[in-house]
Amino acid sequence: MKILNLGSLNYDRVYDLEHFVGAGETLLCTGYTEFLGGKGLNQSLALAKAGADVAHAGAVGPDGGALLSCLKANGVKTGYMKQVDTVSGHAIIQSVGGQNCIIVYGGANQCVDEAYIQQALADFSEGDLLLVQNETSNVPAAMHLAKSKGMKVAFNASPVTETMLRYPLELVDYFLINEVEGKAISGCECDDFDEILRQLTRRFPNAAIVLTLGGDGSLYQDGKTTVRQRAYTVPVVDTTAAGDTFTGFFLAALAQQIPVEQALDRASAAAALAVGRKGAANSIPTLTEVVKFMDSPAAE
């Protein structure tokens, strides 16, 4: 199975703070670091590091050389990428004790048009997978075009917006969402994870749903099978790319025909390693590191 990830690429500008900035407040930061990120780039790196055959589609500006180099250096195919005149996407991240508040500027990520998507999908066919998030333009068109070719569609529904809730979600084969996204899509007002999953399954009976729950692990439901996956307990340094790492390792395992239970376990272990490191793209572990961690006493 070939995977095409139509996703964002950002420069992440991280400001270390004693607490998150409030309305009308000005704070001096205690540290500043710039990383490579964007949900799309992070997920492509995770897919490649987990052993998947992945190509990235999307756009960068004239300042995007480091983003492209990062993809190439980690084994992601970049032949479908395009450069536009707009500045590349970037994110402003407030970091407090390993927790983050993030503001994203789309930039070049919002210059993805339908004609470009159709061209990028030309080399993919039935049985291949399209992965999309909500940080690029024309995601609905990408879903429709992929399904018309017989491809599977995986959707990481982040960030949640009113526009995203009107996407053709009935076309999605794999949802990879956290509890906030799950509540928004299902319309469930409660905090009961099992009820959120039930309502999602009721609305999308033909989809496989992965509901990630942070320290509470994850839940999986595909209409026939329900799986509960524990979270690995590790010291938290930075949660920025944990969900993207989980997504990439889970989908890579499925592409390798690894059973769901093992795929969830591997993804959970990979995410645990990611939260123990500072940054986004650079925090994503290799498959060798993940397997070693899973076999170590630290994973008990």
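This is a selection-by-selection tour of a predicted model.

**The largest pocket**

Start with Asn-178, Thr-239, Thr-240, Ala-242 and Gly-243, which lie nearest the centre of the largest pocket. The pocket has a volume of about 1300 Å³, and its lining consists of 45 residues. Next, colour the elements that each supply at least two residues of that lining: strands β2 (10–16), β7 (89–96), β8 (99–105) and β11 (174–178), together with helices α1 (39–49), α5 (179–186), α7 (242–255) and α8. Sorted by class, the lining has 19 nonpolar, 19 polar and 7 charged residues.

**Helix α1**

From the lining, pick out α1, which is mostly covered, with 11 of its 11 residues buried. Both Lys-39 and Lys-49 are among the buried residues, as are Asn-42, Gln-43 and Ser-44. Then step on to Gly-51, which follows α1 and has a positive phi, near 100 degrees.

**Strand β11 and Leu-176**

Another contributor to the pocket lining is β11; within this strand, select Leu-176. Is Leu-176 buried or exposed? Leu-176 has a relative accessible area of 3%, so it is buried. Show its contacts, setting aside neighbours within four places in sequence: Ala-154, Phe-155, Asn-156, Ala-157, Glu-181, Val-210, Thr-247, Phe-250 and Leu-251. For a distance check, draw a line from the C-alpha atom of Leu-176 to that of Tyr-220; the two residues are 44 apart along the chain, and the line should read 9.5 Å.

**The loop before β11**

Move to the loop between β10 (152–155) and β11, where Pro-159 sits. The peptide bond joining Ser-158 and Pro-159 is cis, with omega about 0 degrees. Most peptide bonds are trans.

**Met-151**

Now go to the loop between α4 and β10 and select Met-151. Its relative accessible area is 1%, so Met-151 is buried. Beyond residues up to four places away in sequence, Met-151 touches Leu-121, Phe-124, Ser-125, Glu-126, Gly-127, Asp-128, Leu-129, Leu-130, Ala-146 and Asp-173. Lys-72 gives a second distance to draw: Lys-72 and Met-151 are 79 residues apart in sequence and 25 Å apart in space, C-alpha to C-alpha.

**Two backbone outliers**

Most residues other than glycine have a negative phi. Two selections go the other way. Asn-138, which is not a glycine, has a positive phi of about 60 degrees; look for it in the loop between β9 (129–132) and α4 (139–148). Asn-138 is partly exposed, at a relative accessible area of 33%. Gln-257, also not a glycine, has a positive phi of about 60 degrees and is found in the loop between α7 and α8. How accessible is Gln-257? Its relative accessibility is 74%, so Gln-257 counts as exposed.

**Helices α8 and α9**

Finish with α8 (residues 260–275) and α9 (residues 287–294), whose axes are 9 Å apart and cross at an angle of about 100 degrees. The two helices are therefore roughly perpendicular. To display the contact, select Asp-265, Arg-266, Ala-269, Ala-270, Ala-272 and Leu-273 on α8, then Leu-287, Glu-289, Val-290, Phe-293 and Met-294 on α9. By class, this contact has 8 nonpolar and 3 charged residues, with no polar ones. Helix α8 also leads back to the starting point, since it is one of the elements that supply at least two residues of the pocket lining.

Technical notes: Residues numbered from 1 in each chain as written. Predicted model: local features only at pLDDT ≥ 70, side-chain atom pairs only at ≥ 80, totals over all residues. Heavy atoms only, no water. Axes fitted to C-alpha atoms, helices over the stretch in contact; angles between N-to-C directions. Helix = DSSP H or I, 4+ residues; strand = E, 2+ residues; numbered from the N terminus. Parallel < 35°, antiparallel > 145°, perpendicular 65-115°, else oblique. Contact = heavy atoms within 4.5 Å. Nonpolar A, V, L, I, M, F, W, Y, C, P; charged D, E, K, R; others polar. 1 Å grid on protein atoms, 1.4 Å probe; cavity = no way out; pocket = protein on both sides within 12 Å on 5 of 7 lines; lining within 4 Å. Points joined across faces, edges and corners; volume = space filled by probe spheres on them. Buried < 20%, exposed > 50% of the residue type's maximum accessible area, 1.4 Å probe, protein only.
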